[in-house]
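The exercises below are meant to be worked with the sequence and the coordinates side by side. Try each task before reading its solution.

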Amino acid sequence: MQFIYSGITSGSIFALVALGFNIIYNTTGIINFAQGEFVMIGGMLIYTLLSIYGLPFLIAAPLALLAALFIGALFERVFIKSVRSPNEIKLITITIAASIILRGLGMVIWGRNSLSVDAYIPYKVLELPAGTLTSNSLLVIIVSLVTAFSLSLFFKRSSLGKAFRACYDDKIAAGICGVDVSKIRMLAFAIAALLGVIAGIVTTPISYVTYTDGIMTGLKGFAAAILGGLGSFWGGVAGGLLLGIFEGFFASVLPSGYKDAFAFLIILAVLFLRPKGLFGKKKAERL
Amino acid sequence: MRKINYPFLILVLIILISTKFLIKNEYYLSIVIFGMFNAINASCFNILLGYTGIISLGQAAFYGIGAYFAVIVAASFGINPMLAIVLASLFSALVAFIIGYPTLKLHGHYLAMATLGFGMIIYVLMNEMAFITGGPSGFLDISKFSFFGVSIYGEHSFYIFVAIVFFLFTVLFEMFDKSYLSYKLKFIKESEFASKSFGINIFKTKLLVFSITAGITAFNGGIYAYYSGFISPVSFNFNYSIELLTMAIVGGLGTVPGGIIGAAVLTALPEFMASIEDYEMILYGCFLAVTIIFLPGGLTGLIKRILNKNASD
Amino acid sequence: MKKLLGVVFMIILAVPLYAEVRLGALFAVTGPASFLGLPEKQTLEMLVEEVNKTGGIAGEKVKLFLYDTKGLDTEARKKFIRLVKKDKVDAVIGPTRSGSTLAIKELAEKYKTPLFSCAASKRIVQPLNKYVFKSPQSDTHAVGKIYNFLYKKGKSKVAIITAQNGFGDSGRTELLELADEYGMEIVADEKFRDTDKDMTSQLTKISETNPDAIICWGVGPAPALVAKNTRQLGLDSMLIMSHGVASKKFIELAGNAAEGIILPAGRLLVAEQLEKDNKFREVLINYKNAYEKRYDSSVSTFGGHAYDAFMMFKYGIEKGGKKPAAMISAVENMGAFIGTAGKFNITASDHNGLDESAFVMLKIHNGDWELIN
Amino acid sequence: MLQIKNTGINFGGVKALDNVNFDVPYGRITALIGPNGAGKTTLFNIITGFLKSNTGEIFFENENITNVQPYYIFAKGISRTFQNLNLIPELSLKENLLLGIIGKDNPSAVKSILRLNSKYWQRMEKKIDYFMEITGISEWRDRKTDEVPYGILKYLEIARAIINEPKILLLDEPAAGLNNVEKEKLMELLKFLVNKNMTIFMVEHDMNFVSNLADNVICLNYGKVIANGSYRDIRNNEEVIKAYLGDSDA
């Protein structure tokens, strides 16, 4: 049973990353390979603010989130908007280039060692049926779910969120109806970066942050988004949790060396049976 | 049926031959050899993405399958390395066929994920099946390479061998590019809908292309294993697949010189930057970004434009 | 154009006109193993600078050519040929990773260039290659030390959890191979990836087998997670780590969970705790102080490997000169020398020269290392 | 020749086609008209095998071709054009034309790469020349598609659809985007083809074009056939008028 608890913990991070993928996918139709780097930067930022500048968490976290919005918007303006005669492949490759640059910057600025920050809440082991969960893992799960819920509210209720959905339904029509598509794209990247930074902030006390982290995090998040069905909001969340639980499950029943292979095997199997992911529709579910 | 671009092939040949005579330093030769390995792999990737529209992020796996299969078969059964490489190539094509059968029904990002997942699975197997692959520590027991009795060892003789293989593949790619097959693939890429209605069996064509490029990549991988004398899984991980993608795009998708130029530039670039160390990654990323942002057709597109401009002046 | 080419080639082929010792170095300065490669690089740069300040080796200045392997075999191979053929170095220190070293082992012989590896695998010196030396202790010794320790404590049920990389794999092989010899029973054999963020699934499996001790073999942040998760699950087995975590960084990462962890390591970490007349003390403290002063970060045993490798190289040049054969035979006849990793006794048949005594057993106590018997 | 029997298809809950019945007679030009969203292109897609119908059957020369694969339908001699042209910009007109035939002949890829079937390609060159001639695009032979006017591309697309000598040609809005001169030329071309015993079935909005060409007109609205007859019959049909007026009201 322990695998369920550990699976949900890592799965909720995958879910946040998958949501970042989905938001950008829905507004631009591309996969942002730098999404994992946003998580890395989140960890690095909170480390800098807490451990180097010694700010209290309640000031440091909002600052990091603000920085995230700025980084995401800047990312879109520098890398995405400037591409001449853009097409899907080119835009994806530019995000790969951007991820290399971010990783390089991460290394130059924060060095090669793994960094860690003190836990935000007191460490406590919660004894659950057939397993344990730490208070910090619980925090990760709660923060991820709260983030997902408030984001879905944002898309459903606020007028800006509605503009996002219009943009996804039909870019040209949205443009005609007075939605500033270019601004929405920039915002999409800002929100994706925000999600990444949230994931980075909550995981750093548990599993540290290293400048190379982005690759694997991004990959897992992408896998989660695909598993759930690209573009599907709750699909991404479900995909993330499922992926986390699969990994934990395979690590606990198989020779653990093969766990990644089996996790990917499951994803392949899902794709063969449901080519649009578990919850994806022909034109994937709306935000 | 277009005319074969003989000036291009002759230029390649001249460069290959003059490299042999001008460059005596093994270091530069080894860079050129790696460049050629990358060029063949990037060209295969280019045929998949640039011609057929198949995004395969698992090419490193086929490269690895070729390398491992060749040396393992040669070591266990004591067969000739060249034969082992051919077998590896066939095996890889078979794997691609089996994997491609369900995978190639997917499209776009889903296909990317499926091939990426396949690459990860193969990577895990290379690591975990230590009893035949040597695991993460690598495979050392690689015999000397000989080709019909001619022993090939060291940068100089390997250069000749790899250059011949590379040139033959380049000719093959060029002949492919100018044959109707490349139109057919581009038709599939442009519109699967339209090409289907013109009687083209898309799935069969894609499967064939996927298998053949996997075979070529594996053939290449086999030679790489013998050249390097040591292989370990890190050389065949996801990053290498991404490198191939960037090579093909920087070079120019959908053209034969694209894969070659992209591989040449991106293989040579880090060598120039070797002493910059910390900033290498950033500069490499910036170079990529600038190429993608400002050169729509990649480097090949740029060269073409310059040539055309000169011609019209 | 022809002229230009000529000039370019002249520059490329230009031979140094003044006498100097040319030293090559290959470290994984970037990539996943970079936290090993960086202290090695910094140590070597520091040593070369020091040596040059005091007149160089045998009256010649040392010129250092240092490249990044990124932890990749292909890069190691390319850069090794670059060092040998372009920079024309007399010897090479590095690479950081075992895989990278094995990838160029044969080349060292082919190009007759002495190689002083900073990687641990015993396959680097077994089978013996005349040109290849290594400065770190072998995994065999670490495993032997651990099993001896357990044997003395009367424990025999052992669970192992190893990283899925070259380091973990080679440790795992030794752990499995030597188990019988020391009467150990391996009750669980689990693995983790460096990028894993949670190991509780594997550890739960281990806890079901109720082992006396859990041995974790890995480098970087992942073993710190193993420590944390072991603590979280409340496993009361003794937790033993490899020498791969022998840096202050590990204690920082694992925090409270590091308390009580036992590991074999070189004496470098506990230099101050050694008795005043201990033969290692002076060497260790000198290196430690110099490094920590210059780079403002705490010393790790990895940097020490570069230190030892440089000492071998220096001795080789001093006593044998730049000719490879002479340099090698000088190192082979070096006799006992005290390095950071232990007492080396390099011979023509043993290019590592360390044994189990290179390790001491340490326990993490109050956030610091403590020598135990 | 082509018989549509009780064909129906649902998208979600919407009946895009509902119990459609009609015949396309041999050697004639039949036009399918109807307001936007009436289901015309959907019907084309069902005939050519891209969409699976929920009900009904389709017969071609008395063979049931309901829901078979597109390439099989092509092999039976049904060829079509598209609203968006689906030409390849980086190839010349000649090479684009070639795409129409390779699916039928399936020339050996190996032989083609090794350039061993030059006789076949010589024959193809002649064929290409002939079809460029009759569609009147010979002078653009070696230009790329982004270098020629739109009208020429329309002719090229038709040439690509007929180079494999189909029995029936399905045209999806052939006159759309053409000027009057070009339309005249297109009408002549289609008449010429019918004289050569080809059957033509087209979706078209341009009533003038339809009235000049079509022997038989079928009108669809909301997925149902509301009229079937000669152009004159259709023009006076109340339901058709209502459908179009209703359309223009919106």
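**Exercise 1: a helix of chain B**

Task: In this predicted model, compare the expected span of helix 7 (residues 154-178) of chain B with the distance between its end C-alpha atoms, and then list which of its residues are buried.

Solution: Begin with the length: helix 7 of chain B has 25 residues, and at 1.5 Å a residue it should span 36 Å, because the expected span is 1.5 Å times one less than the number of residues. The end C-alpha atoms of this helix are 36 Å apart, which agrees with the expectation. Next, apply the burial criterion, under which a residue needs 20 or more other C-beta atoms within 10 Å of its own. The buried residues of helix 7 of chain B are then B:Glu155, B:Phe158, B:Tyr159, B:Val162, B:Ala163, B:Phe166, B:Thr170, B:Phe173, B:Phe176 and B:Asp177. To read such a list, recall that an α-helix has 3.6 residues a turn, so residues three or four places apart point the same way.

**Exercise 2: two contacts of chain A**

Task: Describe the side of chain A that touches chain B, and then the side of chain C that touches chain A, by element and by residue class.

Solution: The contact between chains A and B takes 35 residues from chain A and 32 residues from chain B. On the chain A side, helix 4 (88-110), helix 9 (213-228) and helix 11 (259-273) each supply at least two residues, and helix 4 of chain A gives the most, with 14 residues. By class, this side of chain A has 26 nonpolar, five polar and four charged residues.

Turning to the other contact, 27 residues come from chain C and 25 residues from chain A. Several elements of chain C give two or more residues to its side, including helix 2 (34-53) and strand 7 (185-192), while the largest share, five residues, comes from helix 7 of chain C. By class, the side of chain C that touches chain A has eight nonpolar, 11 polar and eight charged residues.

**Exercise 3: the domains of chain C**

Task: State how chain C is divided into domains, and how many residues of each domain are in contact with the other.

Solution: The domain assignment gives domain 1 (21-137 + 286-356) and domain 2 (139-265) of chain C, whose C-alpha centres lie 29 Å apart. Across the boundary, 16 residues of domain 1 of chain C are in contact with 17 residues of domain 2 of chain C. Helix 2 and helix 4 (98-110) of chain C each supply at least two residues of the domain 1 side.

Definitions and conventions
Residues numbered from 1 in each chain as written. Chains lettered and ligands numbered in written order. Predicted model: local features only at pLDDT ≥ 70, side-chain atom pairs only at ≥ 80, totals over all residues. Contact = placed C-beta atoms within 7 Å. Helix = DSSP H or I, 4+ residues; strand = E, 2+ residues; numbered from the N terminus. Nonpolar A, V, L, I, M, F, W, Y, C, P; charged D, E, K, R; others polar. Domains from an automatic or database assignment. Buried ≥ 20, exposed ≤ 12 C-beta atoms within 10 Å, placed from the backbone.
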